[in-house]
Structures are given as structure tokens and as C-alpha cells.
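Here's a walk through this model for anyone who wants to find their way around it at the bench. Keep the structure open while you read.

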Amino acid sequence: MNHSSETGPSEFDFDDPSLKAALELHHGLARQGPGSAATTRRLLSLAQPIPSRPRVLDLGCGPGPAALLLAQEAQAEVTAIDLYPRFLDELRAAAEQAVVAERITPENRSMDDLPYPDGSFDLVWSEAAAYNIGFDTALRSWRRLLAPEGVLVVTELGWLTGTPHSEAREFWDAVYPPRTTAENVAIATAAGYTVVATYLLPDEDWFAEYYTSLEARIAGIDPGDALALEAAGHLRREIGLRRAHGADYGYVGYVLRPRG
Ligand code: SAM
């Protein structure tokens, strides 16, 4: 995960050689953050009741693991947005392959500038991506997009203990300062939602489809590729930290219904 929140979303320069090298490591992976099909299904079941063939907005969809599953299993009509065009190309190809291309509309835009009318979606969905604009901003700005009975499902990194190991605190505070689940529940409540459920993603959601694939990529880096090695260094640290102190932090799914 590139959790850097130091620059605004529109300030990404995809021609920047360091960013290019980091993104190169991520191409072709099934997902770009912790998650799994089982977790998406679990969150979908916690979001019930929702209309059949729901209108879904997947924000920061990446290569589209959630968009694909929701189109396939909930017959959803999905608008899938991401800032990075190559992930959308990967989603298009996967959607063709899964014969759900007519139900998925990939759009290259930022999650902080959404041109859709109020009440356009039954489900607003975002796995491992709200951090790009910050959990608070995301919750406040996405609320208007929900239809009256709509549901927001968002997964967010957070502390699972009030006393995380100093290495974990140092690492995450530098890239995206996490909060506890209780703090995030309070933020959701203050932003006008009822918290229907929270769900802690299992540890295997970090590895099976994400870190394990990244580690294989890292192992294959050309030793002469300094930029790739530099990008890999940060990822190696992140993965090592998970192995050492993973009990201190996790990704939590929040299932939220607007109040009033
Ligand atoms: N949801 C996907 C998944 O679970 O695999 C991707 C998660 S990845 C950790 C975060 C995604 O957010 C990336 O695909 C990245 O390109 C995208 N992103 C970053 N900033 C964004 C923005 N401002 N608007 C839309 N997407 C953004």
C-alpha cells in the first residue's frame, strides 16, 4: 500500500520515476491492499437489506476485486473509480474475462471529486482506499451519494490496542496515523451514520492475495534496478512489521447507514 497522505490526490505524478517503480511492483496483482472474496461477501451480508441489482460506487477500486465480486454475486451495476489508469485497464480485462463487463463502468477520477447526483447509489464501497483522502473526509463527503436506504461499506487501517509496539506506531504514524476502532466508530457517528457493524479482517487477508504476491515480485527484482529496490525496501519493512506486530493493528470493515 502506498499510504502516503502527504500530497493531495490530484498531485500524483505518474511519470515520477520513484512512483513508477513502486507501481510497477503492484501491477497484475489481484488486489492492492488487505482483503479477500470471503471478506467482501461477509461485508455484503452485513450490509443487508439492500435492493436487488444494487447501484454500487466502488471508490479506489484498484484492479477491482470488490467490483468484480459485487457484479458477479450481487448482480450489481458498479461504477468503479480509481486515480490510476492501469488498474482500471486491469479491471476492464478481468471484467471481460468474467463476462460482467456490461455491469461495470470503470472511471478514471478522484474519490474527492465525484460528479454524481445526491442519492445515486444503494451501496458506496471502498476497500483499503479511503485513507487517500482520510477516513473523516471520506465519510463526510460520500454520505450525500447514498440513496435513502443506502449503505456505506469502508475498510480502514486501525490500532487494535491502545499501546501498540513503538516500531508499529513509528512506521504507521509516518505514513497514515491510524486510530482505534472505537475512535473510528465515533467519527462515523459524528459524520451522521449509524454503525450497523464492524468486522476485523482476518490476518490471512493481508497475506494470501496481497503481501505474498508482493514478496514474490520483490524476490524477482533485477538487482541493478535501484528504484525498484528502493520501493521494495519500504514494502519489506511493512511486511516484516506485520509479521512481528500484526496483532497491534488491523483492517476493519465499517458498515454504515446514514441517520435521519
Ligand atoms: N480497493 C482496491 C483493492 O482492494 O485492491 C485497491 C486498494 S489500494 C490500497 C488503494 C487504491 O486507491 C489504489 O488503486 C489507488 O490507485 C487508489 N487511489 C489513490 N488515490 C485515489 C484517489 N484520490 N481517488 C481514487 N482512487 C485513488
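## Starting at the edge of E5

Trp 159 sits across from Thr 180, a residue of strand E6. That pair belongs to a parallel pairing of E5 with E6 (residues 179–180), which is made of two bridges. To get from E5 to E6, the chain passes through helix H6 (residues 166–175), and the β-α-β crossover formed this way is right-handed. Bear in mind throughout that this is a predicted model.

## The chain as a whole

Zooming out, the chain has nine helices and eight strands. Its C-alpha trace spans about 55 × 45 × 30 Å along the principal axes. Does the radius of gyration point to something compact, or to something else, and why? A compact globule of 260 residues would come out near 18 Å, and the chain has 18 Å, so the two agree.

As for packing, 40% of the 260 residues count as buried. Take the contacts between residues at least 6 apart in sequence: 78% of them join residues at least 24 apart.

## Strand E5 and its partners

E5 (residues 146–159) has 11 of its 14 residues buried, so the rest of the structure largely encloses this strand. Besides E6, strand E5 pairs with E8 in the antiparallel sense, over eight bridges. Within that pairing, Thr 155 has Gly 253 of E8 as its bridge partner.

E5 also pairs with E4, this time in the parallel sense and over five bridges. Here Trp 125 is bridged to Val 153 in E5. The link from E4 to E5 runs through helix H5 (residues 135–142), giving a β-α-β crossover that is right-handed.

## Strand E4 and its other neighbour

How much of strand E4 (residues 121–126) is covered? Mostly covered is the answer: six of its six residues are buried. E4 pairs with strand E1 (residues 55–59) as well, in the parallel sense over three bridges. Leu 57 is the residue that stands opposite Val 124 of E4.

## The nonpolar core

In soluble globular proteins, nonpolar side chains tend to be buried together. In this model the largest nonpolar core holds 59 residues, and the members touching the most others are Ala 67, Leu 70, Val 124, Leu 152 and Val 153. Strand E5 supplies the largest share of this core, with seven residues. Two names on that list have already come up: Val 124 faces Leu 57, and Val 153 is the bridge partner of Trp 125.

What does Ala 67 touch, once you leave aside its neighbours within four places in sequence? The contacts are Asp 58, Cys 61, Val 78, Ala 80, Leu 91 and Ile 104.

## What the record says

UniProt, in an unreviewed entry, places the feature "domain: Methyltransferase" at residues 56–150. Over that stretch the chain is 32% helix and 27% strand. The C-alpha atoms at the two ends of the stretch are 10 Å apart.

## A loop residue: Gly 246

Finally, look at the loop between helix H9 (226–245) and strand E8 (249–258), where you'll find Gly 246. Is this residue buried, exposed or partly exposed, and why? Gly 246 is partly exposed, because 15 other C-beta atoms lie within 10 Å, while a residue needs 20 or more to count as buried and 12 or fewer to count as exposed. Gly 246 and Pro 164 are 82 residues apart along the chain, yet their C-alpha atoms are separated by 9.7 Å.

Methods: Residues numbered from 1 in each chain as written. Predicted model: local features only at pLDDT ≥ 70, side-chain atom pairs only at ≥ 80, totals over all residues. Helix = DSSP H or I, 4+ residues; strand = E, 2+ residues; numbered from the N terminus. Rg over C-alpha atoms; globule rule 2.2 N^0.38 Å. Contact = placed C-beta atoms within 7 Å. UniProt positions renumbered as here; feature names shortened; annotations may be inferred. Core = buried A, V, L, I, M, F, W, Y, C linked by C-beta atoms within 7 Å. Pairing = 2+ DSSP bridges. Right-handed = clockwise from strand over helix to strand, strands pointing away.
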